[in-house]
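Let's take a friendly walk through a protein model, moving from its big divisions down to single residues. Keep the structure open beside you and find each part as it comes up.

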4 protein chains.
Amino acid sequence: MSITTSCRFRHAALIGKYQARGIRPVLEDVAHTLSRTGVDVSVEVETALNTGLADYPSLTLDQIGRECDVAVVVGGDGTMLAIARELCKYNVPLIGINQGRLGFITDIQQRDVAVALPQILSGHYEEESRSVLEGAVLRPRREGGLETIYEDYAINEVVVSRGATASMVELRAEVDGLFVANYRADGLIVASPTGSTAYALSAGGPILHPGLNGWVMVPIASHTLSNRPIVVPDTGTIDIEIVAGKDASMNFDMQSLASLLHGDRVTVRRSPHRVRFLHPQGWNYYATLRRKMRWNEGVS
Amino acid sequence: MSITTSCRFRHAALIGKYQARGIRPVLEDVAHTLSRTGVDVSVEVETALNTGLADYPSLTLDQIGRECDVAVVVGGDGTMLAIARELCKYNVPLIGINQGRLGFITDIQQRDVAVALPQILSGHYEEESRSVLEGAVLRPRREGGLETIYEDYAINEVVVSRGATASMVELRAEVDGLFVANYRADGLIVASPTGSTAYALSAGGPILHPGLNGWVMVPIASHTLSNRPIVVPDTGTIDIEIVAGKDASMNFDMQSLASLLHGDRVTVRRSPHRVRFLHPQGWNYYATLRRKMRWNEGVS
Amino acid sequence: MSITTSCRFRHAALIGKYQARGIRPVLEDVAHTLSRTGVDVSVEVETALNTGLADYPSLTLDQIGRECDVAVVVGGDGTMLAIARELCKYNVPLIGINQGRLGFITDIQQRDVAVALPQILSGHYEEESRSVLEGAVLRPRREGGLETIYEDYAINEVVVSRGATASMVELRAEVDGLFVANYRADGLIVASPTGSTAYALSAGGPILHPGLNGWVMVPIASHTLSNRPIVVPDTGTIDIEIVAGKDASMNFDMQSLASLLHGDRVTVRRSPHRVRFLHPQGWNYYATLRRKMRWNEGVS
Amino acid sequence: MSITTSCRFRHAALIGKYQARGIRPVLEDVAHTLSRTGVDVSVEVETALNTGLADYPSLTLDQIGRECDVAVVVGGDGTMLAIARELCKYNVPLIGINQGRLGFITDIQQRDVAVALPQILSGHYEEESRSVLEGAVLRPRREGGLETIYEDYAINEVVVSRGATASMVELRAEVDGLFVANYRADGLIVASPTGSTAYALSAGGPILHPGLNGWVMVPIASHTLSNRPIVVPDTGTIDIEIVAGKDASMNFDMQSLASLLHGDRVTVRRSPHRVRFLHPQGWNYYATLRRKMRWNEGVS
């Protein structure tokens with residue numbers, strides 16, 4: 001899972017948390033550090049606008065994807081998810097800097113930037129790649145056939161869930177064309193290993209190691225108690241049909257949303273893209289897990 | 001929990017599942033049986049309209065509450081919940097007749113009506129009473145203080161839950177004025193013993209025996225894994241404040257619904273009313289539980 | 001649940017953790033504090049022997065129960081459970097002093113003794129009483145009938161569990177003579193509210209508020225997934241019959257143990273005794289719960 | 001996962017449930033059917049002795065492994081597990097015939113033998129292979145180093161668990177030399193996909209599809225609530241050290257057992273062997289899962 005190489009980077013992008021003005025000092029600090037290590041620095045255009053940070057060229061996310069060979073993201077896991085979803089198709093490695101508590105995937109603290117960033121940029125890092133989900137909504141056409149009305153990537157999970165005014169949704173799930181189960185529940189989560197420690201965990205799912213070639217289907221508050229989470233190989237396609245329930249919707253990483261109708265079919269498959277994270281040397285998935293899950297401490 | 005008395009009934013109400021035309025034959029059958037046992041029969045007005053059953057006087061639910069001394073409900077547990085919520089303030093005992101699978105609280109099958117109903121009406125029954133929840137939404141007034149903007153009874157549960165576009169709701173719960181927990185979750189269920197085998201069970205709650213003077217607070221998909229269900233005495237008041245989360249709503253038995261705003265306070269307490277169910281002789285809570293939970297059978 | 005009275009105490013017993021030599025300085029400190037407040041101090045005989053603390057009269061636990069009007073226990077929750085099980089029949093109130101992390105029921109830290117103890121002894125405390133379980137093993141006699149071969153109190157829980165060489169135990173449970181379920185599992189826990197945050201919680205049970213007149217039956221790793229925890233009123237009797245499984249045993253608070261044979265019947269009922277805990281003023285069950293369950297903090 | 005080939009078989013072994021005399025008629029029936037399809041039939045020696053079935057040559061399990069090219073097992077999942085554990089190193093495909101309820105891995109009913117067996121033997125089947133665990137106990141030698149004192153295969157799971165007189169066991173788990181967690185629990189299960197629907201499921205684990213290259217570590221009644229099941233790639237080695245707890249033991253498929261001492265190290269890795277099951281054409285993992293988990297039916 002982790003390989004240390006000695007490559008170097010030429011052009012780093014700096015991306016900040018959405019609409020967070022207060023992070024300008026941190027961004028400046030990171031930008032200085034990046035510059036000192038000899039890489040060209042560009043700032044994501046929205047980040048530049050929101051913070052007034054105008055000393056560096058600004059690029060759109062797509063430009064960053066095409067032109068930069070590393071992106072430094074300042075924010076929490078939520079920010080990282082949003083950026084990773086946008087950049088995954090460009091294969092740009094990501095480095096996460098967290099201002100508050102360390103996250104699962106943003107694991108450099110602000111105060112460690114001056115030491116950790118130059119080390120990583122000089123090639124001393126642990127690289128780790130995470131699988132990406134691709135989800136789509138297919139809607140029956142009047143004239144027959146299905147039409148893709150929405151599609152997006154998800155780093156954590158794709159969720160199909162009931163509307164606020166419905167008591168449940170009924171979902172028919174298939175894997176590779178084989179009928180798995182009819183779920184009467186608040187919803188159904190399809191989570192990657194990265195997402196297994198997020199919403200899927202709250203709903204009763206297991207933790208999946210990022211090196212596992214699988215994902216997990218976790219029903220939310222299922223009427224049938226034996227409808228337990230199922231971990232399936234991530235090589236297949238998961239199809240979910242909306243059988244019953246008003247105002248159902250589908251979301252990607254709890255961030256982008258599509259409304260669903262009866263008869264809509266949601267398709268989830270593994271993306272050909274993967275997200276690449278660069279961690280400081282010595283980084284270790286289980287150590288992060290123990291810290292985030294508080295396994296080192298007390299009773300609960 | 002169960003007491004057999006030898007009282008008799010004079011005036012029975014007959015109430016059918018909402019908008020279910022097909023149940024007319026069953027209703028006629030039940031009405032005949034009731035008449036034969038010597039009680040006066042009235043039919044709930046909506047039931048009469050929906051089914052065209054015009055041979056009996058029709059009464060509104062409020063009239064039934066005031067004038068009848070027993071109500072026979074034909075439908076499933078959902079119908080029974082709706083009727084019980086309306087009639088609980090009148091203390092009228094309820095008898096449930098189920099056309100399909102037996103429910104938790106509708107436990108006479110259609111084919112057993114001719115035998116079971118006369119027995120019950122002649123005083124040979126197990127009477128059981130269930131606690132009722134009273135919930136209200138209090139909203140801050142501009143001029144200060146709180147205003148009750150919605151209130152209702154619930155037989156099963158009161159649920160506060162997130163809107164479809166929010167990733168979670170944050171709820172601050174107090175019991176008798178003491179701070180219990182801040183829940184970041186899909187929602188929070190306060191369930192009576194009757195409701196403990198419904199939605200609360202799906203969300204991970206325990207089963208509460210109907211004789212228990214308590215209810216259970218069950219968070220739905222809580223971010224904090226140690227936020228386990230808590231069973232508290234039902235003598236106190238539960239206050240839930242909406243701290244964060246868009247489009248939150250409150251529902252009663254998954255049937256009636258109120259929209260919530262930040263700062264709204266939901267109050268749940270035990271109603272002075274109780275629901276009275278009349279069961280055939282030999283009825284037994286645990287036997288119903290085993291049948292509904294499928295404990296008699298195999299692996300899962 | 002909490003009442004502040006203004007009574008005073010005359011004779012305090014001091015009891016230390018079993019075989020913990022190192023606690024002599026703490027005990028001396030506590031004994032001085034007790035003496036200064038004007039109460040007579042006796043030391044439990046084993047505690048005196050283990051620590052060499054010979055400046056005070058020593059009493060057996062039974063003598064303490066009969067002669068003292070308060071007992072101060074120095075140790076963790078495990079020590080308190082053991083002492084409470086011995087003293088519960090004497091109705092002596094208990095005060096718990098914890099050297100390490102605060103426990104659920106030992107809630108004065110060593111450093112707070114000088115302030116907290118005199119306040120409590122002068123009558124400024126929150127008194128709380130907890131229900132006690134009484135368990136017995138009844139074995140069929142050759143000549144017919146059943147013989148009680150073991151009985152004890154439990155503050156937390158009574159557990160019937162499989163032997164190490166068996167893959168499971170099969171247990172038939174009845175409440176008040178009514179058949180509840182046949183459990184094929186690693187075992188079955190009957191926990192009081194006090195025990196609901198101990199082993200029962202690990203096995204999937206809910207938290208029960210100490211004011212609840214109920215207890216919970218939690219199967220351990222049940223084969224049948226729908227065999228969920230059941231909370232029943234604590235006024236009844238729970239009977240558990242060993243139907244199958246080698247080397248089953250029964251334990252009380254995970255401390256005292258009885259071996260079981262096929263056909264043995266375990267009976268659990270509420271004891272007429274209760275345990276009385278004295279807490280510092282301002283003590284609050286939910287605050288203790290939040291601290292022990294780490295609800296104030298992060299993700300997990 | 002399923003491939004239909006058109007190969008044929010020459011020499012079938014017939015193996016019956018351990019010490020089950022009553023199965024002689026079934027075995028005779030199966031033997032006749034096998035003979036009629038033109039394969040040579042041998043009977044496992046213990047099966048022959050127990051049932052008196054002397055019309056066929058008898059072979060030991062090792063001889064069967066070396067000489068037969070298919071083995072027909074009559075019994076339930078437990079019998080199949082025991083035989084598969086013995087035969088896995090020989091790569092002999094297994095066919096399971098169940099006298100009672102269909103199992104997860106014994107999926108031909110006695111009454112279907114006459115039709116299903118000839119079809120399978122003529123090459124019309126779904127072949128499926130399942131991963132096998134290899135577990136060993138390493139004990140420190142006085143003179144230094146570790147000595148392997150026990151090793152075995154497991155088809156379902158390897159379990160390390162506490163003794164009957166201990167309140168818990170403390171286990172330190174590593175994966176590929178990386179520290180994962182310190183479990184204070186009743187025990188720890190390492191389950192294959194095949195075992196994920198057995199004991200691991202009872203202890204709260206997820207279902208793993210047999211095509212998944214992973215296995216799951218499930219703590220049993222863990223003190224730390226956030227110690228959730230973890231699914232890891234099955235390419236690595238899991239090491240479990242016994243840190244604390246009396247009378248701990250290790251078992252394989254709940255069938256073979258080794259006692260453990262403090263300091264013992266349990267090692268689990270994937271075996272180079274796999275178990276091959278032959279199912280009737282049209283067999284489908286999810287259909288078996290739905291039937292065994294009762295997903296087609298009602299509420300619970």
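In this predicted model, nine residues of domain 1 of chain A are in contact with 12 residues of domain 2 of chain A. The domain assignment places domain 1 of chain A at residues 11-123 and domain 2 at 132-272. Taken over C-alpha atoms, the centres of these two domains are 31 Å apart.

How can we describe a meeting of two parts with a number? The size of an interface is often given as the accessible area lost when the parts come together. Domain 1 of chain A and domain 2 of chain A bury about 820 Å² between them, and 65% of that lies on carbon and sulfur atoms. On the side of domain 1 of chain A, L81(A), R85(A) and C88(A) supply 68% of the area buried against domain 2 of chain A, more than any other three residues.

The same kind of description works between chains. 37 residues of chain D are in contact with 37 residues of chain A, and the area buried between chain D and chain A is about 3,100 Å², with 58% coming from carbon and sulfur atoms. In chain D, R228(D), Y286(D) and W295(D) lose the most area to chain A, together 21% of what that side buries.

**Cysteines**

C88(A), one of the three residues just named for domain 1 of chain A, is buried, because its relative accessible area is 4% and the cut-off is under 20%. C68(D) is buried too, at 8%. How many disulfides are there over all chains? The count comes to zero. For C88(A), the closest cysteine sulfur is in C68(A), 16 Å away, which is too far for a bond.

**A strand inside chain C**

Now turn to strand β5 of chain C, residues 94-98. Five of its five residues are buried, so β5(C) is largely enclosed by the rest of the structure. In a regular strand the side chains alternate between the two faces of the sheet. Both faces of β5(C) are covered: L94(C), G96(C) and N98(C) are buried on one side, and I95(C) and I97(C) are buried on the other.

What are the partners of β5(C)? Strand β4 of chain C (residues 70-74) runs parallel to β5(C) and is joined to it by four bridges; V74(C) has I97(C) in β5(C) as its bridge partner. Between these two strands the chain passes through helix α4(C), residues 77-87, in a right-handed β-α-β crossover. Strand β6 of chain C (residues 108-109) is also parallel to β5(C), with two bridges between them, and N98(C) stands opposite Q109(C) in β6(C).

**More strand pairs**

Strands of a sheet pair through backbone hydrogen bonds, either parallel or antiparallel. Here are three further pairs to look for.

| Strand pair | Sense | Bridges |
|---|---|---|
| β10(A), residues 169-175, and β16(A), residues 238-244 | antiparallel | six |
| β16(A) and β19(A), residues 265-280 | antiparallel | four |
| β13(B) and β15(C), residues 230-233 | parallel | two |

In chain A, A173(A) stands opposite I240(A) in β16(A), while I238(A) stands opposite V268(A) in β19(A). Across chains B and C, I207(B) has I230(C) in β15(C) as its bridge partner.

That last pair belongs to an open sheet of seven strands with mixed pairing, in the order β13(B)-β15(C)-β14(C)-β12(C)-β9(C)-β17(C)-β18(C). Its edge strands are β13(B), residues 207-208, and β18(C), residues 256-259, each of which pairs on one side only.

**A helix and a loop in chain B**

Helix α7 of chain B covers residues 285-293, and seven of its nine residues are buried, so α7(B) is largely enclosed by the rest of the structure. Among the buried ones are Y285(B), L289(B) and M293(B). The buried residues of α7(B) pack against β7, α6 and β13 of chain B together with β10, β11 and β15 of chain C.

Finally, find K89(B) in the loop between α4 and β5 of chain B. K89(B) counts as partly exposed, at 37% relative accessibility. Leaving aside neighbours within four places in sequence, K89(B) is in contact with D62(B), Y153(B) and H273(B). The C-alpha atoms of K89(B) and R274(B) are separated by 7.7 Å, although these residues are 185 residues apart along the chain.

Definitions and conventions:
Residues are numbered from 1 along each chain as its sequence is written. Chains are lettered from A and ligands numbered from 1 in the order in which they are written. This is a predicted model: local features need pLDDT of at least 70, side-chain atom pairs count only at pLDDT 80 or more; totals for chains, interfaces and linings use all residues. Side-chain values use heavy atoms; hydrogens and water are left out. Buried means under 20% relative accessible area, exposed over 50%, partly exposed in between (1.4 Å probe, protein chains only). Two strands pair if DSSP finds at least two bridges between them. A crossover is right-handed if, with the strands pointing away from the viewer, the path from the first strand over the helix to the second runs clockwise. Contact means heavy atoms within 4.5 Å. A disulfide is a pair of cysteine sulfur atoms within 2.5 Å. Domain bounds come from an automatic or database domain assignment. Buried area is the accessible area (1.4 Å probe) that two parts lose on being put together, summed over both.
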